[in-house]
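Visitor: Hi! I'm new to this one. Could you show it to me and walk me through it?

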Amino acid sequence: MGIPSNRVRAGMARERGRAVLLLAVLLCGCNLAPRYHRPTLPNTPATFREAGIWTPARPADTVQRGAWWSVMGDEVLDRLEDRIEHGSPQLAAAVARYDQARALVRRARADFFPQIDATASAQHERALFPATGNYYEYHDYESGGTVSWEPDIWGRIRNLVRAARASAQASATDLASIRLSLEGELGDDYFQLRGLDARISLLQKTIAAYSAALDLTTKRFVGGAANELDVGRARTQLTTTQSQLEQQLADRALAEHAIAVLIGEQPSTFSIPPADGLPPVPLIPITAPAHLLERRPDVASAERHMAAANARIGVARAAFFPNITLGATGGSETTTSMLASAGSGVWAFGPALATLAIFDGGRRFANLALTHAQYAQAAASYRQTALTAFREVEDQLALLNHLADAATRQEEGVVAATRTDHLAGVQYREGAVDYLQVVIAQTAALQAREDLITVNTRRLMSGIDLVRAMGGDWGDHAGLKGK
């Protein structure tokens with residue numbers, strides 16, 4: 001039997017290569033990851049328990065979310081929220097993390113394609129002939145290249161890409177969650193500042209009234225109609241209120257500084273003009289509980305982390321099987337000298353079976369157990385995130401509706417306290433009561449008004465927190481204003 005010629009050997013190598021390539025293509029459909037199903041939560045209620053008149057159910061989940069804060073109907077807040085997108089350092093850092101996740105997806109996807117490397121070299125050599133003592137000089141040129149490709153037989157690369165893609169999607173929802181959190185924090189700070197504005201305005205008016213009362217009491221003391229004790233009480237009432245005003249001004253400065261940092265401004269150059277009072281509390285429409293799981297960015301992020309963990313199980317399973325790499329090399333070498341020139345070429349193509357560990361001390365089994373445990377952790381985290389989302393919505397619904405009732409009662413208290421304050425002043429001027437009764441009535445009236453501001457400020461902040469807990473805006477509901 002004769003030795004096959006070079007042409008025959010080359011043909012046999014090509015046939016083997018085609019057979020290996022065909023086998024790889026046929027096996028590339030194998031996927032060792034478990035079939036993934038989007039998780040569902042049992043016993044999801046049809047409506048929220050704490051919904052009420054101030055939170056009517058007007059679902060519009062198909063509407064794209066946008067400037068959700070516009071439901072509050074405050075133009076200054078609208079302008080501030082628009083500045084977060086381009087000014088917030090925290091949001092910029094979150095965008096950078098999302099870009100990193102997208103880059104990791106592209107890097108994982110690159111393993112689907114062959115890797116091509118090229119090499120080249122040029123050398124000048126000088127050799128000595130001992131017999132003659134002469135030197136021999138020549139040039140040596142080499143060039144070549146290699147092509148290698150790992151067919152994704154066991155789905156390892158596909159699952160790596162799936163895991164990276166799911167992680168990138170989770171990063172995108174994390175970005176949305178951070179954006180929503182920053183927008184909500186700005187809304188809370190803004191209405192806290194407006195509540196301070198309302199208190200400052202109230203205290204300024206109260207100080208003016210107390211100053212007038214002190215002047216009246218002083219005149220009555222000079223005229224003998226009042227005693228020095230009444231003057232002392234009036235002065236104490238005035239100075240105490242002035243001290244409260246300074247504290248409120250300090251708190252306002254801190255709130256203003258917090259807003260400046262959120263939108264990326266220097267606190268020393270940023271200011272918000274004061275307002276006389278609080279804006280009206282809007283009606284906040286709510287959606288169905290089942291849609292909350294689709295709207296909340298943190299819930300969506302937890303679900304994507306589950307998908308990534310599921311794909312990594314497939315990667316861990318693929319480690320138990322060998323990897324087949326198809327490779328090809330080729331190149332040429334040319335040697336030239338003063339006497340002669342010679343060249344040669346070389347090529348090769350065929351499969352190379354990667355080394356498969358027979359014994360690794362249980363490393364692969366441990367890694368598989370790790371991925372299963374990571375999936376279980378991701379599933380538990382998803383359930384916890386979803387339950388927290390339901391709780392946060394119920395919390396804000398309870399606050400909004402009960403605080404609305406509290407505001408109604410408090411308004412009645414303000415009316416009664418104002419009437420009492422007026423009557424005490426009339427009776428004091430007529431000499432029917434001493435100034436202690438006036439002080440008591442004034443203190444009660446001021447406290448009632450401050451409590452009303454506190455309740456309404458909490459209502460506005462709860463409105464912001466409810467929209468944030470629901471995952472953002474439902475559309476344009478700026479016309480839904482409360483009284």
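Visitor: How many residues does the protein chain have, and what percentage of them count as buried?

Guide: The protein chain has 483 residues, and 38% of them count as buried. Buried means under 20% relative accessible area, exposed means over 50%, and partly exposed is in between (1.4 Å probe, protein chains only). This is a predicted model, in which local features need pLDDT of at least 70 and side-chain atom pairs count only at pLDDT 80 or more, while totals for chains, interfaces and linings use all residues. Residues are numbered from 1 along each chain as its sequence is written, and side-chain values use heavy atoms, with hydrogens and water left out.

Visitor: Thanks! How many helices and strands are there?

Guide: The protein chain has 9 helices and 4 strands. From the N terminus on, the elements run α-α-α-β-β-α-α-α-α-β-β-α-α. Helices (H or I, at least four residues) and strands (E, at least two) are DSSP runs, numbered from the N terminus.

Visitor: What is the span of H8, end to end?

Guide: The end C-alpha atoms of H8 are 92 Å apart. That agrees with the expected 99 Å, because H8 has 67 residues at 1.5 Å a residue. The expected span of a helix is 1.5 Å times one less than its number of residues.

Visitor: And what comes just after H8?

Guide: Gly-431 sits just after H8 and takes a positive phi of about 80 degrees.

Visitor: Switching topic: which residues touch the most other members of the largest nonpolar core?

Guide: Those are Met-72, Leu-80, Ile-259 and Leu-466, in a core of 40 residues. A nonpolar core is a set of buried Ala, Val, Leu, Ile, Met, Phe, Trp, Tyr and Cys residues joined through side-chain atoms within 4.5 Å.

Visitor: Which helices supply at least two residues each?

Guide: They are H2 (75-87), H3 (89-109), H4 (156-222), H5 (228-262), H8 and H9 (435-469). The largest share of this core, 8 residues, comes from H4. Another core lies apart from it, with 21 residues, among them Ile-200, Tyr-210, Ala-213 and Ala-424.

Visitor: Can we zoom in on a residue? What does Leu-262 touch?

Guide: Leaving out residues up to four places away in sequence, Leu-262 touches Ile-84, Ser-88, Gln-90, Leu-182, Glu-185, Leu-186 and Asp-189. Contact means heavy atoms within 4.5 Å. Leu-262 is found in helix H5 and counts as buried, at 4% relative accessibility. Its C-alpha is 6.9 Å from that of Ile-84, although the two are 178 residues apart in sequence.

Visitor: What share of the contacts comes from residues that far along the chain, say 24 or more positions apart?

Guide: Such residues account for 84% of the contacts in the protein chain with a separation of 6 or more.

Visitor: What about Ser-171, buried or exposed?

Guide: Ser-171 counts as buried, at 13% relative accessibility. This residue of helix H4 touches Arg-97, Tyr-98 and Ala-101, not counting residues up to four places away in sequence.

Visitor: And where does Arg-109 lie?

Guide: Arg-109 lies in helix H3 and is partly exposed, with a relative accessible area of 32%. Leaving aside neighbours within four places in sequence, Arg-109 is in contact with Val-161 and Arg-165.

Visitor: On to rings! How many aromatic pairs does the structure hold?

Guide: The structure holds 4 aromatic pairs. One of them is Tyr-190 with Phe-191, edge-to-face, at 5.3 Å centre to centre and 70 degrees between the planes. Rings of Phe, Tyr and Trp (its six-membered ring) pair if their centres lie within 6.5 Å; planes under 30 degrees apart count as stacked, over 60 as edge-to-face and the rest as tilted. Tyr-190 is buried, with a relative accessible area of 1%, and Phe-191 is buried too, at 0%.

Visitor: Which pair links distant parts of the chain?

Guide: Phe-320 and Phe-365 form an edge-to-face pair, 4.8 Å centre to centre with 65 degrees between the planes. Phe-320 is in the loop between helix H7 (297-318) and strand E3 (324-337), and Phe-365 is in helix H8 (residues 363-429), 45 residues apart. Phe-320 is partly exposed, at 23% relative accessible area, whereas Phe-365 counts as exposed, at 58%.
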